[in-house]
Amino acid sequence: MTKQDLMTRTCSKCGKTFDEKSIDDAAAEKYPSCPDCWREWTTYAVMVMNEMRLDMSLPEHRKALRKHERMFFGLEKPEGELQKNPEKRPED
Ligand SMILES: [Zn+2]
């Protein structure tokens, strides 16, 4: 490759590189997440919603889910747990 491929991003969850164009879910574009991990998150999100009995019509509940979303993709450290990569910053 001679020129930088701006469409390639590194997944913040698994570390794999993926083609940004392969993301078709608009919500997934907020995070550097590969399609596989995004699918994993959507499955996990349903579990979180069921477990925490989240109601997506309530702003506070949407906020709670967003927090889990950020933790899932490593953009926010889980409460009460040490961050494994304190130097790591989400790339934009
Ligand atoms: Zn991934």
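How many helices and how many strands does the secondary structure of this chain come to? It comes to 2 helices and 2 strands, with helices (H or I, at least four residues) and strands (E, at least two) taken as DSSP runs and numbered from the N terminus. What you have here is a predicted model, where local features need pLDDT of at least 70, side-chain atom pairs count only at pLDDT 80 or more, and totals for chains, interfaces and linings use all residues. Residue numbers start from 1 along each chain as its sequence is written.

**View 1. The whole chain, read as β-β-α-α along the sequence.** Of the 92 residues in the chain, 15% count as buried. Buried here is a matter of counting: 20 or more other C-beta atoms within 10 Å of the residue's own make it buried, 12 or fewer make it exposed, anything in between is partly exposed, and the C-beta atoms are placed from the backbone. As for contacts with a separation of 6 or more, 27% of those in the chain come from residues 24 or more positions apart. A contact means that the C-beta atoms of two residues, placed from the backbone, lie within 7 Å.

**View 2. The largest nonpolar core, with 8 residues in all.** Its members are F18, Y31, C34, C37, W38, W41, F72 and F73. Helix 1 (residues 35-52) gives the most to this core, namely 3 residues. By nonpolar core we mean a set of buried Ala, Val, Leu, Ile, Met, Phe, Trp, Tyr and Cys residues joined through C-beta atoms within 7 Å. Take a look at W38, which belongs to helix 1. W38 counts as buried because it has 23 C-beta neighbours inside 10 Å. The C-alpha atoms of W38 and D25 are separated by 8.9 Å, and the two residues are 13 residues apart along the chain. Another core member, F72, is in contact with W41 and Y44, once its neighbours within four places in sequence are left aside.

**View 3. Helix 1 against helix 2 (residues 59-72).** The two axes come within 11 Å and cross at roughly 140 degrees; they are lines fitted to C-alpha atoms over the stretch in contact, with angles running from 0 to 180 degrees between N-to-C directions. That angle is why helix 1 is oblique to helix 2: under 35 degrees would be roughly parallel, over 145 roughly antiparallel, 65 to 115 roughly perpendicular, and the rest is oblique. On the helix 1 side, the contact is made by W41, Y44, A45, V48, M49 and M52, and on the helix 2 side by A64, L65, H68, E69 and F72. Sorted by type, the residues of this contact are 9 nonpolar, 1 polar and 1 charged. In this sorting, Ala, Val, Leu, Ile, Met, Phe, Trp, Tyr, Cys and Pro are nonpolar, Asp, Glu, Lys and Arg are charged, and the others, Gly among them, are polar.

**View 4. R53, in the loop between helix 1 and helix 2.** R53 isn't a glycine, yet it has a positive phi of about 50 degrees. R53 counts as exposed, because 7 other C-beta atoms lie within 10 Å.

**View 5. T10 in strand 1 (residues 8-10) and what it touches.** Not counting residues up to four places away in sequence, T10 touches G15, T17 and P32. T10 is partly exposed, with 14 other C-beta atoms within 10 Å. Between the C-alpha atoms of T10 and C34 there are 7.7 Å, though these residues are 24 residues apart along the chain. G15 sits in the loop between strand 1 and strand 2 (17-19), and is exposed, with 10 other C-beta atoms within 10 Å. From G15 to P32 the distance is 9.5 Å, C-alpha to C-alpha, across 17 residues in sequence.

**View 6. K67, a residue of helix 2.** K67 is partly exposed, with 14 other C-beta atoms within 10 Å. K67 and K77 are 9.5 Å apart in space, C-alpha to C-alpha, and 10 residues apart in sequence.
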